[in-house]
Amino acid sequence: MALTLKLNAWRHLPREARDTLFLLAVIAWTVLPHVSHLPLWCAFLTAAVLLWRAHLALVNGPLPGRWVLVGVLLLAAALTLWSYRTLLGKEAGVTMAVALMSLKTLELRARRDAFVVFFLGFFIILTHFLYSQSLPVAAAMLVSVWGLLTALVLAHMPVGQPGLRQASALAARTALLGAPIMALMFLLFPRLAPLWGMPQDGIGTTGLSNSMHMGSVAEVAQDDSIALRVRFLGTAAPPAQSLYFRGPVLTRFDGREWRPSGTLSSAGFVRSTMAPAELRVRGEPVRYEMTLEPLRLAVLPLLEASTAAPLVEGYRVTPRDDLQWTTERPVFERLRFQAEAYIDFRYGPTRPSVQLQDELELPAGYNPRTLEWAAALRRDPRYTHADARTLAQAVYTHIRSGRFTYTMAPGAYGVDNPQGAIDEFWLDRKQGFCEHFAAAFVVVMRAMDVPARVVTGYQGTDPLPVDGYFIVRQSSAHAWAEYWQAGGGWVRADPTAAVAPDRVLRSRNLAPPAGLVAGAIGNVSPALLAQLRTAWEAVNNRWNQWVMNYSRGQQIDLLKSIGFKSPTWEDLALLLTGALSSLALAGAAWAWWDRHRIDPWVRQMERIRAALRRLGIPAFAHDPPRSLALRVRATLGPRGDALAQLLDALDAQRYSRAASPRPDATLTRRFVSQARALRSMAADNLR
């Protein structure tokens, strides 16, 4: 009942108020996704202005004067300058554009003002893709485009009471007519990296880092978003314990933070950033395709271990001697490429080398109790002359039997004693995430004169593929260790497996806390939550593969598929020009035909005017049906009541609130028939 009353109230609004409220709703919808990027004052200012304008539309109140608008505009500019220290740049520009569009609604006095609001709205739609190019944002902006086109159609229909359904249908048809041009531009417009790449400050802040402190990997693991997708080609997926995606290798330790080794080591040896590692592989390689989300690092987390650089469009990929694969610039866009890896491998020098000096250094004065614990283990007769592998097994045994706990929230270490964070973890509290175990393992091994270092990356995947791709989430972020074994080289050591074997053997991550909606659904039906997430990720993967990852290489492949033997960019430009010219000619031909087409309402009125002229009643092109009805009654008197009533009905069909989208052919036939009958009666009376 209440809904019916509201619908009736909406239908009885004056047209100007209805159209204004509809435009304000579209603006609010368009601005809403920007709220997380805008300063708080801008969100409140925009909401206040839109509500104020809606109130004025409902009460038919006067719009504020120009000086009021100038004052609010100056305030918005001052607040923008205060927020960003500039009026230029992306953030300040978007903020000012949103404020200007909301203020312009207080100036809607003519169609010209409405057009300014429309085009500001289209500009705001474009700015959303500076922050996110995801499927939900694209869908939301498609609704915004439809709403703005509907408002534009209403502005071009100033006469009568056209319904929103009629205007929105016309807007949808107009958009569909432009869809072929949009698809053509998407397929053939050159992919230029600065234009199509994702903005650097539009990337999320979670993910791997070039540094690590105790607790940093746990922060990343709180994020359940997708880090990368992997599809294995021509082979089954390797076992979970073999899926290590190698990221930054961290060698230098200052007592609190781990960082990569610099170009110049403390021993004066220049580390190679270009020479491949001394890699020795066995067995057949595992070929795979990876879709990597923006990483913000100049490192590709490839599956260990790769012998050849993958071909990544727009990037030069080079190896380091620590098995990292680096790019010449950070990755701020989604990448898709193919690579191969050997699961069974050995690498690194087999004899002691000056290169290993960095992997033995420990900061002076830090973690003395852990160093003493390692020295005591080394003095044990069983380990006095033991090799690195035996010492690593002894550390594993200590972790398994030492009542350590694997947890995502161990609390902060080193608060009371910044120089004893490892001591507090290794000997006191014994609660930690993977980075705690990896860091402590490396410190202990170095204290026993064994070169060791920390490696970060991702370990494992979701158990089941989605749309053919195994998903690696940020919650799979992991830290492990490597130690150097004489005669063998670098050996992977994952101390997390000693305390939480399922984490490595079965990729069972600690679950981050669910959000409000996901938690509610999960409490009701965990299976439903899993199904919804799988379905969404499959759809999102199709969007990424077909739309977001459409690249220059695929454009060249498209030209080859339609007959170009050795396509070049000149061929692409010629094809795009020819296709657009053909569409332009087709559009011109349609416009010529449409110009000579007679509107159905005009055709109906011409028949009615012709019938009236045959009765001797003047009927001019500018006469609406209501004026003709008055003229019929004045000329024919009671004999013309039937014709006048039909004209009144026609006027209601054309111009009332419940206007019809098309003329009533039955009414036209009745009118012509009755006019013919009146003319016959008049002829009989003359005889």
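This text leads through the aromatic pairs, two helices and several individual residues of a predicted model.

The aromatic side chains offer a starting point. A pair of aromatic rings is described by the distance of the centres and the angle of the planes. The structure holds 16 such pairs. One of them joins Phe119 and Phe122, whose ring centres lie 6.2 Å apart with 45° between the planes, and the pair is tilted. Planes under 30 degrees apart would count as stacked and planes over 60 as edge-to-face, so an angle between these limits is called tilted. Both residues belong to helix α6 (residues 111-128), where they stand three residues apart and are therefore separated by about one helical turn. An α-helix has 3.6 residues a turn, so residues three or four places apart point the same way. The two rings can also be described by their accessibility: Phe119 is exposed, at 54% relative accessibility, while Phe122 is partly exposed, with a relative accessible area of 22%.

A second pair is formed by Phe441 and Tyr483; because the ring centres are 6.4 Å apart and the planes stand at 50°, this pair is tilted. Here the partners come from distant parts of the chain, with Phe441 in helix α14 (residues 434-447) and Tyr483 in strand β18 (residues 477-485), 42 residues apart. Phe441 and Tyr483 are both buried.

Ring pairs also build a cluster, which links Trp373, Phe404, Tyr413, Phe425, Trp426 and Phe437. Aromatic rings meet charged groups as well. Arg492 lies over the face of Tyr244, 4.0 Å from the ring centre. In the case of Trp601, the charged end of Arg654 sits over the ring, at 4.8 Å from its centre.

Helix α6 merits a fuller description. Its 18 residues reach 26 Å from the first C-alpha to the last, close to the 26 Å expected at 1.5 Å a residue. The buried residues of α6 include Asp113, Val117, Phe118, Gly121, Ile124 and Ile125, together with Ala114, Thr127 and His128. Which helices do the buried residues of α6 pack against? Their partners are α2 (15-31), α5 (90-104) and α7 (135-155).

Helix α22 (residues 625-636) provides another example. Its twelve residues should span 16 Å at 1.5 Å a residue, and the end C-alpha atoms are indeed 16 Å apart. Pro625, Leu628, Ala629, Val632 and Leu636 are the buried residues of α22. Viewed down the axis of α22, these buried residues fall within an arc of 105°, so they line one face of the helix. Arg626, Leu630 and Ala634 are exposed on the other side of α22. Just after α22 comes Gly637, which takes a positive phi of about 70°.

Individual residues complete the account. The structure holds zero disulfides. Among the cysteines, Cys42 is buried, at 0% relative accessibility, and Cys434 is likewise buried, at 0%. Thr318 is found in strand β10 (residues 317-319). With a relative accessible area of 13%, Thr318 counts as buried, because the limit for that class is under 20%. The C-alpha atom of Thr318 is separated by 9.5 Å from that of Val299, and the two residues are 19 residues apart along the chain.

Conventions:
Residues numbered from 1 in each chain as written. Predicted model: local features only at pLDDT ≥ 70, side-chain atom pairs only at ≥ 80, totals over all residues. Heavy atoms only, no water. Phe/Tyr/Trp six-rings, centres within 6.5 Å; stacked < 30°, edge-to-face > 60°. Helix = DSSP H or I, 4+ residues; strand = E, 2+ residues; numbered from the N terminus. Buried < 20%, exposed > 50% of the residue type's maximum accessible area, 1.4 Å probe, protein only. Lys NZ or Arg CZ within 6 Å of the ring centre and 35° of its normal. Disulfide = S-S within 2.5 Å. Expected span 1.5 Å × (residues − 1). Contact = heavy atoms within 4.5 Å. Arc of directions from axis to C-beta.
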